[in-house]
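User: Could you take a close look at one helix for me, and then follow its surroundings out into the rest of the fold?

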Amino acid sequence: MEYDEDEGSHQHPKQNKPPNKSHFSSTSIQESILIIPTLPEELIIEILLRLPVKSLLKFRSVSKSWLALISTPEFINTHLSISANSQRLVLTHHKFVLTPSVHKYQYNIESCSLSSLLNNDSVIESFDLDYPMNNPLKNVWVVGSVNGLICLAIGFTDLFLWNPSTRKFKKLPDSRPTGRPACFKYGFGYDEYHDDYKVIGMFCYIHGRSRHVEVKLYSLKSDNWRTHDEDFSGEIQFARTGKFVNGRIYWANNDCRDLHKDWKIISIDLADEKWGKVEQPCYDEGYNFLLLGALGSDLSVFCNYPRTHTDVWVMKQYGVKESWTKMYTIRYPSDLENLFSSGISPTLFMSNKGEILLMRRSTFMRYNPKDESIRYTKVAKFRFCIEADIYIESLVCPFLQDEPRTQQD
């Protein structure tokens with residue numbers, strides 16, 4: 001075999017050249033590369049804004065200008081907005097964080113994609129998340145998720161703000177009150193007016209027949225907790241975590257002496273930090289408890305009727321009783337009554353086709369209101385009950401401005 005000696009030390013097999021075809025030397029190839037026009041800066045930015053976080057983290061190393069661009073608040077906020085509102089990107093930029101609700105069996109946190117849940121009818125895989133203070137001896141649960149940040153409670157004392165996409169986190173100051181509460185609840189949300197992330201802690205005390213709830217509020221901007229004056233005496237049977245919807249955190253609660261009566265919905269506006277009670281629709285008789293969720297940007301209530309069905313109500317306008325609308329009724333399959341004996345979770349996601357993603361124990365369900373069909377998907381690694389919270393992949397890390405923190409690789 002002959003070699004073309006014009007190529008210098010990098011020898012290549014000499015090819016038979018077809019007629020009327022020019023032969024490119026390495027020099028001409030390099031020259032042709034140099035004259036390829038670069039993309040306009042505006043187009044590069046538009047491309048980058050639609051990439052997943054994992055790719056953007058790698059592309060920060062391309063150049064100092066790309067690092068500066070991807071790190072700007074304008075880029076981070078625009079990327080978040082596009083990921084949240086683009087129908088094409090919603091499925092690829094949203095994931096679920098899965099935590100065990102039966103803590104004596106396992107303490108790990110898993111993640112699975114929204115697209116895998118909506119496109120599979122059997123079993124899907126999940127992946128381990130390396131969360132802050134990863135400790136197999138402490139139970140862990142998700143307080144809430146906003147803008148890609150997750151508020152994580154570990155054990156009974158530690159709270160973290162954590163971005164699982166960038167693997168950055170911040171441990172919050174100790175929130176424990178001076179006394180020993182019988183139980184405690186948390187809520188997490190975003191105050192858009194003040195551009196601040198806030199956590200509400202509710203610490204419940206019982207002294208004989210006397211009951212008292214101490215409320216504390218954490219602000220990320222001030223990085224401290226302060227006691228919040230509010231009287232919830234006699235109303236301490238709150239859900240474990242509050243539901244953040246449209247600038248407010250909501251709890252369903254009742255008098256713990258009778259779990260099946262007198263359910264109330266209370267809320268706190270994170271901007272003015274004022275509490276309120278939400279007027280509710282007229283439910284049918286026979287329900288045993290309420291669960292709060294979100295449908296789009298509206299508060300939803302799941303009103304569970306044991307072993308038969310769940311009514312789903314949506315509040316279209318805050319504080320207006322007449323704005324409540326019964327969206328649909330989910331009827332339980334007669335052959336699976338035991339699975340639904342204690343109801344189902346609130347809506348986790350609604351697809352653009354109208355399918356509702358729900359959960360019961362360790363099984364995800366896709367409910368189609370049009371034909372009332374239900375499809376089931378299980379997560380392979382979980383044999384027992386799990387809790388699922390959706391989060392959006394984002395670059396948001398507001399606590400890095402003053403105090404950079406990261407997980408160890």
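Here is the part I have in mind, followed by your walk through it. Which residues of H5 are buried, and what do they pack against?

Analyst: Sure, with the reminder that this is a predicted model. Let's begin with the helix itself.

H5 runs over residues 73-85, so to speak a 13-residue helix, and its first and last C-alpha atoms are 18 Å apart, close to the 18 Å expected at 1.5 Å a residue. Its buried residues are Phe75, Ile76, His79, Leu80, Ile82 and Ser83. Those residues span an arc of only 165° around the axis, which is why they end up on the same side of H5. The general rule behind this is that an α-helix has 3.6 residues a turn, so residues three or four places apart point the same way. Turn to the face directed away from the buried side and you find Pro73, Glu74 and Asn85, which are exposed.

As for what the buried side packs against, there are helices and strands in the list. The helices are H2 (41-48), H3 (53-59), H4 (64-71) and H6 (87-93), and the strands are E1 (94-100) and E26 (386-392).

Let's take H2 from that list. Isoleucine 45 sits in this helix, and beyond residues up to four places away in sequence it touches Leu69 and Phe75. Phe75 is one of the buried residues of H5. Isoleucine 45 itself is partly exposed, because its relative accessible area is 23% and the cut-off for buried is under 20%. Its C-alpha lies 9.4 Å from that of tryptophan 66, a residue 21 places away along the chain.

Now for the strand partners of H5. E1 and E26 belong to an open sheet of four strands, ordered E4-E2-E1-E26 and paired antiparallel. E4 (127-128) and E26 are the edge strands, each with a single partner, so one side of each has no neighbour in the sheet. At the E4 end, strand E2 (residues 110-113) is joined to E4 by two bridges, running antiparallel, and serine 111 stands opposite phenylalanine 127.

At the other edge, have a look at what comes on either side of E26. Lysine 381 is in the loop between strand E25 (373-379) and E26. It counts as partly exposed, at 39% relative accessibility. The C-alpha atoms of lysine 381 and valine 123 are separated by 9.7 Å, although the two are 258 residues apart along the chain.

In the segment after E26 comes glutamate 393, which counts as buried at 11% relative accessibility. Its side chain makes a polar contact of 3.3 Å with the side chain of lysine 95. Leaving aside neighbours within four places in sequence, glutamate 393 is in contact with Val53, His79, Thr92, His93, Lys95 and Ser165. That list brings us back to the helix, since His79 is among the buried residues of H5.

H5 also has a part in something wider. The largest nonpolar core has 35 residues, and those with the most contacts inside it are Val143, Leu159, Tyr186, Phe188, Tyr197 and Val199. H5 and H3 each give two or more residues to this core, as do strands E5 (140-146), E6 (149-154), E7 (158-163), E9 (183-191) and E10 (196-207). Leucine 159 shows what such a position is like: beyond its neighbours within four places in sequence, its contacts include Val143, Cys151, Leu152, Tyr186, Val199 and Trp225. Apart from this core lies another, of 18 residues, with Val245, Ile265, Leu292 and Cys303 among them.

One more stretch is worth a look, further along the chain. Strand E23 (residues 356-360) is mostly covered, with five of its five residues buried. Ile356, Leu358 and Arg360 are on one side, Leu357 and Met359 on the other, and both faces are covered. Strand E22 (residues 349-350) is joined to E23 by two bridges in an antiparallel arrangement, with methionine 350 and isoleucine 356 as bridge partners. The hairpin of E22 and E23 has five residues between the strands, and glycine 354 there takes a positive phi near 95°.

On E23's pairing with E24 (residues 363-368), the sense is antiparallel again, over five bridges, and arginine 360 stands opposite threonine 363. E23 and E24 form a hairpin with two residues between them, where arginine 361 in the turn has a positive phi of about 60°.

Technical notes:
Residues are numbered from 1 along each chain as its sequence is written. This is a predicted model: local features need pLDDT of at least 70, side-chain atom pairs count only at pLDDT 80 or more; totals for chains, interfaces and linings use all residues. Side-chain values use heavy atoms; hydrogens and water are left out. The expected span of a helix is 1.5 Å times one less than its number of residues. Buried means under 20% relative accessible area, exposed over 50%, partly exposed in between (1.4 Å probe, protein chains only). The arc is that of the directions from the helix axis to the C-beta atoms. Contact means heavy atoms within 4.5 Å. Two strands pair if DSSP finds at least two bridges between them. A nonpolar core is a set of buried Ala, Val, Leu, Ile, Met, Phe, Trp, Tyr and Cys residues joined through side-chain atoms within 4.5 Å. A polar contact is a pair of N or O atoms within 3.5 Å; within protein, one must be able to donate a hydrogen and the other to accept it, and residues adjacent in sequence count only if both atoms are side-chain atoms.
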